[in-house]
Structure formats: C-alpha cells, structure tokens
Amino acid sequence: VKINKDIFSPPLLFLLAYIVSVGCALFNVKLWNIEMIPTTFLVLLLGALEFITIGLLVDKRYQKKENLLHEENRKKLEEIDLPWWKLIFTAAFCCIYMILLYRNVMAIASRHGTYHNLAEALNIFKEETSVTLADSLPWWLGQLERIAMLCAYIFLYVFLVNLISQKGKYTKKKVAKLILCLVPVILHMANGFLVSDRLQILQIIVGGVVIAFLLWSYQTEKKYISLKTVGILALCACLGLALFYVSTSFIGRINTKGPLEYITFYCGCSIECLNQFFKDPPAASSIWGKETFYNLNLKLFDLGLLKLDEFYPIHLEFRYYHDVMVGNIYTAYRRWIYDFGYIGAAVLQGIMAVVMSFYYNHLKYRKFKNMGFWLVLYSYLVYTIVFHPIDGYFYIQYVSQTFVTTFILLWLMYWFFIKMQIRFKGGFTIYISDKWKFKKFRFRKRY
C-alpha cells in the first residue's frame, strides 16, 4: 500500500503497529496454542481496511489542495527564546512535584504492606491504586501531575523547534537552554517509572518522534524521510524495547521471561486475548459504554449520576492457556465490540480514523492558525494510534471531562510559556503575542 511514503501518517502508523503485534503473536503460536477463529481474523482485517481506506481518502483530499497553501504557512521555523526564569521555574516545579509524588507513593506502600526495596514498594503501590482500587494518590497531587505532564509536552516542543531551527549553530547559552527544556521531559518519564506506568513514557516518546518529523518537514519542505532514517528509527525502537524489558525489575514487576519472550508477550498477547474473547465472551453489562468510556463513567459515578455499589477497575479479565498467562489486553476492538457490537465498533473505528487523519493532515499542510499549540496537542494524542493493538485509549482518555479540563489547561499554559512575555526594564510590562501589552496596569493595544 502506498501512503505517500509518509510513515507517520495515521493509516501507516496503524498498519505498522498491527504488523508488529500480529508478528509477535505468531512468535508465540505454539506457546499459547493459538487457533485463530474466522471472527478474529475478519475483525482485524476489516478494521485495518477501514482505518487505512479512510486515511488514504483524507490524505488524497489534502494532496489535491496542497498548492493552495498561503505563502505565510511556508515560513521556516523560528527559534523560541524562552526567558531563563520560565525555564528555571518550570524545572523547579517539576522537581518539587516529583519529591511530593515519591513521598506519597512510599506512604501508600507502607500502609498496605512491607517492602525491602523500591521495586517492592512500587509493586504494592500499583496493586493498591490500580488493581484493587483500595487506595489512591491525593486529589491535589493529581492536579500537580497534570500540570507537570503538560509542561513536559510543551517544553519537548520548544526543545525540538530550537534544535531543528538552529542548523548546528549553538552557543553555550543555547545549549544550556536546550538542556533545561529537557528537564520536565526527563522528570515526566521518571514519573512513569515511579507510578509503574511505562505507557506514559512511550506516549511522550511517540509524540516527540512524530512532531519532530512534522517540524523537520516544515524546515526542509520535505514530505517524507529517507530509508536510512527509517532504519535508524527502527534500530532506536529495538533499543527502546530492550530498555522496556530491563525496566521491568525497577518498577516492581515480577518477570521470569527472557527478553524476546517478554517483548513478544507484551506486543502480541492482545491478538490472542481478543481471539479468546470471541471464543468465550464475558457476561454482558447493563452499564452503557462500560469499557469504552471508562473515564466518562468514572466521572458520572463520582457525581452520583451513575448508580453502582462500587466502581469497577479499568483492567479487563486475564486469559490463560493451561498454566500460561496470556494477558489481559485485547486491542481496542474488545471494548468497542463488548459495549456496542460489531456495527458500533465499526462506527467508533471510523470516527477515530477520520479525526486523526484530518488532524494530522491539517498539521502536515500547516492549516492551523496557532500551529504550535495544535502540534503539542497532537503529540499528546497520537499514541492512541500506535497503541490501538493494545487498548482503546482514544475513547477511554479523550471522551471525558478530564480531557476537556486538560485541553483548557494546555491552552492556558501554552499561552503563558510561549506567547506571553514579561519585561521589568523600563517599568512592568506584559506582552501578549505581538499585538497586545499590559503596561503600568493599563491594558492597551500596541501597534
């Protein structure tokens, strides 16, 4: 299939993700005694055809209008020169948040068990906060976590813009600022290890790689990368998977598998779990969108609008082949089909394909007015395509009150860090973008 040679387009990302997942499942055919039924095969095939077809049609539509772009949208990247106080303030905030998070994680572990090292403490924390829901982090700490997370995405964007726009011209000052931009990103990854959630680490890496390509294409006016670069990215992906395996013991996960078995287990078990789901489906639920719209239902439960004796965990049931645990991830299709049937799943798949394909092409052809903000937001969303073979994150995460709040907060933070300038020389002055300023406590337009 030819998709304009753009490996970062949603349909090709989707296809590559499922090639890896199905390939890893094939590696374990004998171990899991996989006997794929026609239903599983057809769901995977038709789902892929739907997503790819929609992506190709959207891509073709934008290619026809490529020459209609306004010349203003073809400008080269310009450096984002953040003041020192914003860089230092953000780094300090993220460090303080990590200290508070560490203390609360260890406090929860202490309340629910005995541990001898950090890995054991993290295992207890994960069990109590994610599996049994017996305990949780304080609400206020969750809000700090969201701010620190958004700082990571915004500063990753700033880092990439400044890195790509410089063309190798670095001074000591610029290098120091680049390093400070990475502090929130590195601490966000450390946050993922501390709460035993490696997904958020992979999420920001995937987002960073995709928007790095888009920024590079803006700067060079090239629309696809070379085969050599594809090979380098593939090598980096392999190294990342190796680190994923090595990190297991550090976050308190019990593992007796070798590297290849462990990686293929995580990347491929969803295919066999989906297969077993069709063979032996769980009992139906009376809760509308129970699995698909988990976070939305959680909010409704908190508000008293969803009447349940207790709320259910997000994790799905485990599947086994004799004494071999296959896993409890089922691809995105499982939740959609369980809640809405095959037709409903096709509709949900189509909506996701349309939204992500239009969004990506709008970025690729620079049709947004505030490109920086929309690039940051896309870096936060794009992992839902890559991890479609794992779970239905697109609707779990983004059809919720939490995402609306996150969107508004991201807009305000982007404006604060990127658009707003505060100057103390010659009187206190706040500049908002290039047109508005607030000086001596009077708000007026600057011409």
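These exercises work through a predicted model of one protein chain.

**Exercise 1.** State how many helices and strands the protein chain has, and what share of its residues counts as buried.

*Solution.* Start with the elements. The chain holds 16 helices and 6 strands. Next, take burial. The chain has 447 residues, and 47% of them count as buried. Then turn to the surface. About 23,200 Å² is exposed, with 66% of it supplied by carbon and sulfur atoms.

**Exercise 2.** Compare the reach of helix α3 with its expected span, then find what its buried residues pack against.

*Solution.* Locate the helix. Helix α3 covers residues 38–64, which is 27 residues. The expected span is 1.5 Å times one less than the number of residues. For α3 the expected value is 39 Å, and the helix reaches 39 Å from its first C-alpha to its last. Now pick out the buried residues. Among them are V43, L44, F51, I52 and Y62. The buried residues of α3 pack against α1 (10–27), α10 (259–279), α12 (331–364) and α14 (383–386).

**Exercise 3.** Classify the packing of helices α6 and α13 from the angle between them.

*Solution.* Two numbers describe a packed pair of helices: the angle between the axes and the distance between them. Helix α6 (residues 139–166) meets helix α13 (residues 371–381) at about 120°, and their axes lie 10 Å apart. Angles of 65 to 115 degrees count as roughly perpendicular, and those over 145 as roughly antiparallel. The angle of α6 and α13 fits neither class, so α6 is oblique to α13. Their crossing is right-handed. On the α6 side, M149, Y153, I154 and Y157 make the contact. On the α13 side, G372, L375, V376, S379 and Y380 do so.

Note on methods:
Residues are numbered from 1 along each chain as its sequence is written. This is a predicted model: local features need pLDDT of at least 70, side-chain atom pairs count only at pLDDT 80 or more; totals for chains, interfaces and linings use all residues. Side-chain values use heavy atoms; hydrogens and water are left out. Helices (H or I, at least four residues) and strands (E, at least two) are DSSP runs, numbered from the N terminus. Buried means under 20% relative accessible area, exposed over 50%, partly exposed in between (1.4 Å probe, protein chains only). Accessible areas come from the Shrake-Rupley method with a 1.4 Å probe; for residues, only the protein chains shown count as cover. Contact means heavy atoms within 4.5 Å. Axes are lines fitted to C-alpha atoms, for helices over the stretch in contact, and angles run from 0 to 180 degrees between N-to-C directions. Angles under 35 degrees count as roughly parallel, over 145 as roughly antiparallel, 65 to 115 as roughly perpendicular and the rest as oblique. A crossing is left-handed if the near helix is turned anticlockwise from the far one by less than a right angle, and right-handed if clockwise.
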